[in-house]
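Work through the exercises below with the sequence and the 3D view open. Each task is followed by its solution.

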Amino acid sequence: MQNPIKAVFFDRDGTLIHEKPGTYLSDPAKVKLYAPVPAALSRLQKAGFLFFIVSNQSGIGRGYFTEKEVNAVHARLQTLLKPARIQEIVFCPHSPDQKCACRKPGTLLGEQLVRKYHIAPARSFMVGDKKADVLFGQTLGVKSVLVTTANGKKHLQKYPDLKPDFVAKDMMAAARYILKEDKKHV
């Protein structure tokens with residue numbers, strides 16, 4: 001039997017790239033990685049993880065920008081992350097009031113990725129900076145990591161019942177936790 005596919009699902013804004021609260025990113029030139037992200041992803045990639053981004057992009061549903069603009073931001077992000085490779089980027093284009101199944105914390109997009117790539121949830125992780133990311137991970141059956149970049153600290157205070165598997169100050173701390181947990185399966 002082949003080794004199970006292990007993956008890290010990432011939120012985009014406030015997790016991999018800087019997020020300016022209250023704004024919607026549609027300009028590829030404004031994509032700025034958090035400093036620890038390239039080295040952290042390099043370590044995780046060397047350990048055999050596949051990478052996916054699962055993002056709510058309600059700016060499309062709200063009419064702030066188009067899917068084409070979101071894809072241009074993603075193309076820029078992929079370039080900045082090299083040599084790390086994001087296997088696939090999926091996003092919910094709906095506004096919160098559209099009540100869809102694909103908006104995090106809904107797990108439709110994650111479930112589709114798990115099936116498509118034969119991912120082993122027990123060996124996989126979700127990293128994000130919001131309550132919706134933690135709940136997405138928990139419902140999908142992967143370990144959840146809340147990074148305290150962008151919204152993470154506020155969400156821990158605002159939602160005292162929020163219980164991620166790990167709270168990380170940045171992506172490198174998240175990567176160290178993931179690698180430590182991964183060794184338990186060897």
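**Exercise 1.** Count the aromatic pairs, then place one of them.

Solution. Rings of Phe, Tyr and Trp (its six-membered ring) pair if their centres lie within 6.5 Å; planes under 30 degrees apart are stacked, over 60 edge-to-face, the rest tilted. By this rule there are 9 aromatic pairs. Phenylalanine 9 and phenylalanine 136 make an edge-to-face pair, with 6.4 Å centre to centre and 75° between the planes. Phenylalanine 9 is in strand E1 and phenylalanine 136 in helix H5 (residues 131–140), so the pair ties together parts 127 residues apart in sequence. Helices (H or I, at least four residues) and strands (E, at least two) are DSSP runs, numbered from the N terminus.

This is a predicted model: local features need pLDDT of at least 70, side-chain atom pairs count only at pLDDT 80 or more, and totals for chains, interfaces and linings use all residues. Residues are numbered from 1 along each chain as its sequence is written, and side-chain values use heavy atoms, leaving out hydrogens and water.

**Exercise 2.** Decide whether phenylalanine 136 is buried or exposed.

Solution. Buried means under 20% relative accessible area, exposed over 50%, partly exposed in between (1.4 Å probe, protein chains only). Phenylalanine 136 has 0%, so it is buried.

**Exercise 3.** Check the span of helix H7 (residues 171–183).

Solution. The expected span is 1.5 Å times one less than the number of residues. For the 13 residues of H7 that gives 18 Å. The end C-alpha atoms are 18 Å apart, which agrees. Of these 13 residues 10 are buried, so H7 is largely enclosed by the rest of the structure.
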